[in-house]
Amino acid sequence: MDPPDFSHADVGRAGRYHRPLYLAFGIGIALSCVVYSLLAWSWIGDRLWHPVAGLGWAGSAAAWAAVVVAAAELVRLPLAVWRGFLRERRFGFSTQSPAGWAVDRAKAFAIGLVLTVGAWTAAVALGRALPGWWAAPAAAALALAALVLSFLGPVVLEPLFNRFRPLGDARLAGELRELARGAGVPVRDVLVADASRRTTKVNAYVSGLGATRRVVLFDTLVASAGEREVKLIVAHELGHRRARDAAKATALAMVGGVVAVLVLWAALGTPSPRDLPVALLLFLGLELVGLPIVAAISRRMERAADRCSLELTHDLEAFERAHVELARKNLSELEPPRLAYLLMFTHPTPPERLALARAWAASS
Ligand SMILES: [Zn+2]
């Protein structure tokens, strides 16, 4: 019998890395609930609301949104530092300085602030202009925003965090483009992101729609994986492209946006500026309900992309090596608790992926 892909020690190490992260996930949600509840219904909320109440509806909607987003960030910051920085460093993943991490966090905060202030002010404006049926244009606008962000994300948001360059190895790049043509989904760009300035973890992804569509490889992956493994992983990403998974994810986000607006409309009627914390509590609840659904859909997409990677490369050996290496390098969870798996796992576990790949290879 072949030795198992992962030793007992591998399973244990991955567990020690992940278990506290599940706890952090739960604590993060609990903290958000507490902050939004306090801002919605306590004297603390009243005190903070008081100075912005007199700014006129647009001014108070915008300023209150800024206060709420800043308060939530402040309360969750210690957890984020522990989770995103200290812990990553302890396990040897982080290659960032504290300042570098802080700059990333500040950028993400700024993006969240701008989007929340803009969206909330627009919602209140629509509520005033069209009381009773503001939800219809708001839902349409939010769906449109999700669509636009999918197009613009790779060109506007991703460059705020990473630099991208075309794959340097011209021969390999040519072979990858050939692989893409063979798969029926020619790609214009196979890009390499400078992930190594943040982490030692390895990864790849596809993003964008239409002309902004691209396959992105982490430089950490290009540096550490063999050519056959890189091809296998690109073939997996091509599987996502062929199945139009990015477009499906965008459609799902659009539906999510519409549902969120309808729930808000049903719960609040016409929103007034002060209502934002209640709205965010509702969204948090919706997100929790949506998590297992989105995770299940994503796992299904991943399984299909895995199958595609084998169909395109006929290289089970590269699949096995790539996925074992990926799991080891990233300390991927090998035996997650059931609830964590259902809520948070957008990918099947490495042992599941290896078992499915071997079953496909045996049956084809
Ligand atoms: Zn994938």
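Where is Arg 244 found? I began with this question, working on a predicted model.

**Entry 1: Arg 244 and Leu 331**

I located Arg 244 in the loop between helix 8 and helix 9. Arg 244 comes after helix 8, and its phi is positive, near 55°. I stopped at that sign, because most residues other than glycine have a negative phi. Arg 244 is not a glycine, yet its phi is about 55°. I also looked up its surroundings: with a relative accessible area of 58%, Arg 244 is exposed, because the cut-off for that word is over 50%.

Then I turned to Leu 331, which has a positive phi of about 50° and is not a glycine. I found Leu 331 in the loop between helix 11 (316-330) and helix 12 (338-344). Is Leu 331 buried or exposed? Its relative accessible area is 11%, so I wrote down buried.

**Entry 2: helix 8**

Next I went back to helix 8, residues 227-242. I checked its length against the rule of 1.5 Å a residue: 16 residues should span 22 Å, and the end C-alpha atoms are 22 Å apart, so the two agree. How many of the 16 residues of helix 8 are buried? I noted twelve, so helix 8 is largely enclosed by the rest of the structure. Among the buried ones are Leu 232, Ile 233, Val 234 and Leu 238. Glu 229, Glu 237 and Arg 241 are on the buried list too, and so are His 236 and His 240. I kept those two histidines in mind for the next entry.

**Entry 3: the zinc ion**

Which residues coordinate the zinc ion? I listed His 236 through NE2, His 240 through NE2, and Glu 302, which appears twice through OE. The distances run from 2.0 to 2.8 Å. Along the chain, I read the spacing of the donors as H-x3-H-x61-E. The pair His 240 and Glu 302 links distant parts of the chain: His 240 sits in helix 8 and Glu 302 in helix 10, 62 residues apart. I checked both, and His 240 and Glu 302 are buried.

Why is the arrangement around the zinc ion irregular? The four donor atoms subtend angles of 51 to 138°. A tetrahedral label would need all angles between 85 and 135 degrees, so I could not use it here. For reference, I wrote down that ideal angles for four tetrahedral donors are 109.5 degrees.

**Entry 4: helix 4**

I moved on to helix 4, residues 98-129. Its 32 residues reach 46 Å from the first C-alpha to the last, close to the 46 Å expected. Its buried residues are Trp 101, Asp 104, Trp 120, Thr 121, Ala 123, Val 124 and Gly 127. What covers these buried residues of helix 4? I found helix 3 (56-90), helix 9 (245-268) and helix 10 (276-313) among the elements that do so.

**Entry 5: strand 2 and its partners**

In a regular strand the side chains alternate between the two faces of the sheet. With that in mind I looked at strand 2, residues 190-193. Val 190 and Val 192 are on one side, Leu 191 and Ala 193 on the other, and all are buried, so both faces are covered.

Strand 1 (residues 164-166) runs antiparallel to strand 2, joined by three bridges. Strand 4 (residues 214-218) runs parallel to strand 2, joined by four bridges. I found that Val 192 takes part in both pairings: it is the bridge partner of Arg 165, and its partner in strand 4 is Leu 217.

I also looked up Phe 218 in strand 4. At 16% relative accessibility, Phe 218 counts as buried. Beyond its close neighbours in sequence, Phe 218 touches several residues, including Val 192 and Ala 193. Lys 201 and Tyr 205 are also in its list of contacts.

**Entry 6: Pro 20 and the cysteines**

I placed Pro 20 in helix 1, residues 8-41. Pro 20 is partly exposed, with a relative accessible area of 24%. Setting aside neighbours within four places in sequence, I noted contacts of Pro 20 with Gly 15, Trp 82 and Arg 87.

How many disulfides does the structure hold? I recorded zero. Of the cysteines I looked up, Cys 33 is partly exposed at 30% relative accessibility, whereas Cys 308 is buried at 3%.

Methods: Residues numbered from 1 in each chain as written. Predicted model: local features only at pLDDT ≥ 70, side-chain atom pairs only at ≥ 80, totals over all residues. Heavy atoms only, no water. Buried < 20%, exposed > 50% of the residue type's maximum accessible area, 1.4 Å probe, protein only. Helix = DSSP H or I, 4+ residues; strand = E, 2+ residues; numbered from the N terminus. Pairing = 2+ DSSP bridges. Expected span 1.5 Å × (residues − 1). Contact = heavy atoms within 4.5 Å. Donors = N, O, S within 2.8 Å, 3.2 Å for Na, K, Ca; no water. Tetrahedral: all angles 85-135°; square planar, octahedral: opposite > 155°, others 65-115°. Disulfide = S-S within 2.5 Å.
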